[in-house]
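Visitor: Hi, I've just opened this one and don't know my way around yet. Could you walk me through it?

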Amino acid sequence: PIATGAFGSPAFFPLAPICLLAAGQAEIENHLEMGRKLLAAGQLAEALSHYHSAVENDPKNYLTYYKRATIYLAMGKFKSALPDLSKAIELKPDFLAVSLLKEGNCSRAEGLNFSPDNTEARSQLTRVTELELSMQEARTAFQRKNYMGAVGILDRAIEISPWDPEAKELRSECYLYLGNYDKAIMDLKPTTKLRNDNRAAFLKLSKLYYNLGEHEESLNQVRECLKLDQDDKNCFSHYKQVKKLSKQLETAEEHVKAHRYEDAIEKYKAAMKTEPNVEIYTSKAKGRICHCLSKNKQPREAIDICTEAHQLDPRNIFILRDRAEAYILNEELEKAVEDYQEAKEFDSENEELKEGLEKAQKLLKQSKKRDYYKILGIRRNANKQEIIKAYRKLAQQWHPDNFQSEDEKKEAEKKFIDIAAAKEVLTDPEMRQKFDSGEDPLDPENQQGGGGHQHQWPFEFNPFGTGNFHFKFHFN
């Protein structure tokens, strides 16, 4: 049966073990080569799988143990690496990977020969042991709340093994307690790739971003968790919260872009109810409500909510800008100038703030001269119908024909001219825009060609000329 087996004839039978050995060696070499390429690409888990296969196929080969140890070390699994390094030295006492721990690669490790006592080899094993002791020292410092001390110890450990997830996770925790959230996130992010199915890291990242007010990135991270397990209860619960808040804020911003300010305000209020415990969302929502009320020309309400938002976020230039605009609408020009000046201190190069400050200063200067809104007794957000109504009422009240004495007539004439001028400016969109920007379009100083320009009143004739006259006014 042997002679007629798979090898065909008795003459071929002695070659069978040789063929099998050759095939087995080729397979081992293939696993080692694939492991090397994957290690170089940073795909540690896949590389480890190939080295497992290499060890199983040739348990007497010191090189397979050594290669697998390099992966364990790269992954920070020191306890797993020690037996493999010990086995490699047991199988080949004159072998040492000098550059392994320092450089994280094995390219210079092969073929090195040392004295039989192998002092250097054992020194390298001692360094691995010391690395594990460093981790224990860092844990002890952390438990004693010596977070800065723990960070210093972990810095050294991560230099030796930059792909160690445990060291990065522990240092991330230290940074959290120290209040350095950016560094905490930087350390935690790589661990999502260094550990298989690291849902806990994705969830923690999501919560960190959420508490920093970065709800969009928070949503991205928790979605990564659900990709690994859509039934993860903790991730799904957090996902629902972040998704709801993100949708409310997103919809609110869409309303703002469409100038639907009342709808936007309702959405921001809903967002504050959805997340009442994280202050940054309350601060942001109030800041945006401040903006909406200012844009919607509700100055008194805007000033109140802007002041609350400013107390929560005193360096926010947009809140100061919006409150300044509300102060302008509410005729509190000195306060508007103060807000623009404060905002400019935080961002001196912002063109919008420069223009806003110039406008507020012009309006303040203008208010000390002739203010057409005050003349008609209306607010700056009055519409054309309200302007004409106020004009008609005052024009009838101050019509010079209503007065008998010369002094009374002169006073009435002066007021009547101001009332007519206010109506002319505020019912003309172009002139009103100029006035709202701090320029009086009827001031001779602002007319092209300098002073001396006679203003043409919108009457059928000059009502204040010499001789007897009767006013022929069109109250429109």
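**A chat about the chain**

Guide: Happy to! A good place to start is helix 13, whose buried residues pack against helix 12 (233-257) and helix 14 (279-295). Keep in mind that this is a predicted model.

Visitor: Which residues of helix 13 are buried?

Guide: The buried ones are Tyr261, Ala264, Ile265, Tyr268, Ala271, Met272 and Thr274.

Visitor: And how many residues does helix 13 have?

Guide: Helix 13 runs over residues 261-274, which is 14 residues. From its first C-alpha to its last it reaches 20 Å, close to the 20 Å expected at 1.5 Å a residue.

Visitor: Zooming out, how many helices and strands are there in the chain?

Guide: There are 22 helices and zero strands. The chain has 476 residues, and 44% of them are buried.

Visitor: Where does UniProt put the TPR repeats?

Guide: The unreviewed UniProt entry places "repeat: TPR" at residues 28-61, 62-95, 199-232 and 317-350. In the model, residues 199-232 are 79% helix and 0% strand, with end C-alpha atoms 9 Å apart. The span 317-350 is 79% helix and 0% strand too, and its end C-alpha atoms lie 10 Å apart.

Visitor: New topic: how many salt bridges does a search of the whole structure find?

Guide: It finds 25 salt bridges. One of them joins the side chains of Lys227 and Glu224, at 3.0 Å from N to O.

Visitor: How far apart are Lys227 and Glu224 along helix 11?

Guide: They are three residues apart in helix 11 (residues 215-228), so about one helical turn separates them. Lys227 is exposed, with a relative accessible area of 63%, while Glu224 counts as partly exposed at 27%.

Visitor: What about a pair from parts that are far along the sequence from each other?

Guide: Try Arg370 and Asp440, which form a salt bridge with their closest N and O atoms 4.0 Å apart. Arg370 lies in the loop between helix 18 (351-367) and helix 19 (372-376), and Asp440 in the segment after helix 22 (429-436), so the pair ties together parts that are 70 residues apart in sequence.

Visitor: Is Asp440 buried or exposed?

Guide: Asp440 is buried, with a relative accessible area of 9%. Its partner Arg370 is partly exposed, at 23%.

Visitor: Which residues are linked in a network of salt bridges?

Guide: That network links Asp197, Arg199, Asp229 and Asp232.

Definitions and conventions
Residues numbered from 1 in each chain as written. Predicted model: local features only at pLDDT ≥ 70, side-chain atom pairs only at ≥ 80, totals over all residues. Heavy atoms only, no water. Helix = DSSP H or I, 4+ residues; strand = E, 2+ residues; numbered from the N terminus. Buried < 20%, exposed > 50% of the residue type's maximum accessible area, 1.4 Å probe, protein only. Expected span 1.5 Å × (residues − 1). Contact = heavy atoms within 4.5 Å. UniProt positions renumbered as here; feature names shortened; annotations may be inferred.
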